[in-house]
Amino acid sequence: MNGIKSIGYTPVYKLTEKSEVKTQSEQNTTPKTDTFTRSESEENITYEPPKKLTAEQIDALKRQVQESMQNLAKQMLGQQYEIAKTADGKVDFAALADDLGIGTTPEAAAEAISENGNWGVNAVSTRLIDMAINLSGGDMSKISMLREAVQKGFAQVGNLEDLPEVCQQTYDEVMKRFDYLEQNGSMEGYGQTAE
């Protein structure tokens with residue numbers, strides 16, 4: 001403790017209204033009390049059960065879900081198709097490539113649709129099935145409706161046989177995943193091999 005000087009304590013005094021002298025530490029330990037005052041008015045709160053949707057509203061919601069899934073499938077397959085055409089050197093789509101984050105060369109496009117690429121069979125299939133599960137809200141009775149929406153979305157891109165192989169493989173993989181989902185109620189365990 002060489003070189004350390006002791007610090008002295010100097011009490012601080014404060015006069016209160018009653019001319020009592022209190023130290024600072026006494027002021028900080030003075031208990032404070034809260035008071036509760038009951039309100040004079042009482043409100044009656046009534047619970048109302050949620051209103052049920054009409055059949056028309058339910059049908060409209062189903063159509064929205066189907067359209068969302070169909071549009072997503074069309075968009076994703078369409079983008080995969082454009083990337084595949086770029087990988088084949090058939091088209092240059094630098095602006096879209098930048099938006100998709102894949103680069104602008106045929107080599108970058110080929111990497112994007114490769115097995116581990118962001119636009120490969122596994123990646124696109126996973127995104128589509130994840131969206132189907134989310135849109136279903138866990139209701140497996142909606143899965144066949146969502147499968148149909150995906151099929152329509154793919155059809156809007158073009159005749160499957162005329163699309164690049166990666167698109168055909170993606171379609172096949174998405175349908176396999178729908179089959180698995182319908183049979184098992186979840187995607188848990190999909191793709192795991194027995195050891």
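Leaving aside its neighbours within four places in sequence, which residues is valine 65 in contact with? In this predicted model, the answer is Leu135, Met145 and Leu146. One of those partners, Leu135, also turns up where helix α2 meets helix α5, so here's a quick tour from the whole protein down to that spot.

**The whole protein**
- You're looking at 7 helices and 2 strands, and reading from the N terminus the order is β-β-α-α-α-α-α-α-α.
- Of the 195 residues, 27% count as buried.
- The accessible surface comes to about 14,300 Å², with 48% of that belonging to carbon and sulfur atoms.
- Take the contacts between residues at least 6 apart in sequence, and 54% of them join residues at least 24 apart.

**Valine 65 up close**
- Valine 65 sits in helix α2, which covers residues 55-87.
- Its contact partner leucine 146 is 81 residues away in sequence, yet the two C-alpha atoms are 7.9 Å apart in space.

**How α2 meets α5**
- Two packed helices are described by the angle between their axes and the distance between the axes.
- For α2 and α5 (residues 121-136), the axes come within 10 Å and cross at roughly 170°.
- Anything over 145 degrees counts as roughly antiparallel, which means α2 and α5 fit that label.
- On the α2 side, the residues involved are Val65, Ser68, Met69, Leu72, Ala73, Met76 and Gln80.
- Facing them from α5 are Val121, Val124, Arg127, Leu128, Met131, Ala132 and Leu135.
- Sorted by class, this contact has 11 nonpolar, 2 polar and 1 charged residues.

Key
Residues numbered from 1 in each chain as written. Predicted model: local features only at pLDDT ≥ 70, side-chain atom pairs only at ≥ 80, totals over all residues. Heavy atoms only, no water. Helix = DSSP H or I, 4+ residues; strand = E, 2+ residues; numbered from the N terminus. Contact = heavy atoms within 4.5 Å. Axes fitted to C-alpha atoms, helices over the stretch in contact; angles between N-to-C directions. Parallel < 35°, antiparallel > 145°, perpendicular 65-115°, else oblique. Nonpolar A, V, L, I, M, F, W, Y, C, P; charged D, E, K, R; others polar. Buried < 20%, exposed > 50% of the residue type's maximum accessible area, 1.4 Å probe, protein only. Areas by Shrake-Rupley, 256 points an atom, 1.4 Å probe, with all protein chains shown as cover.
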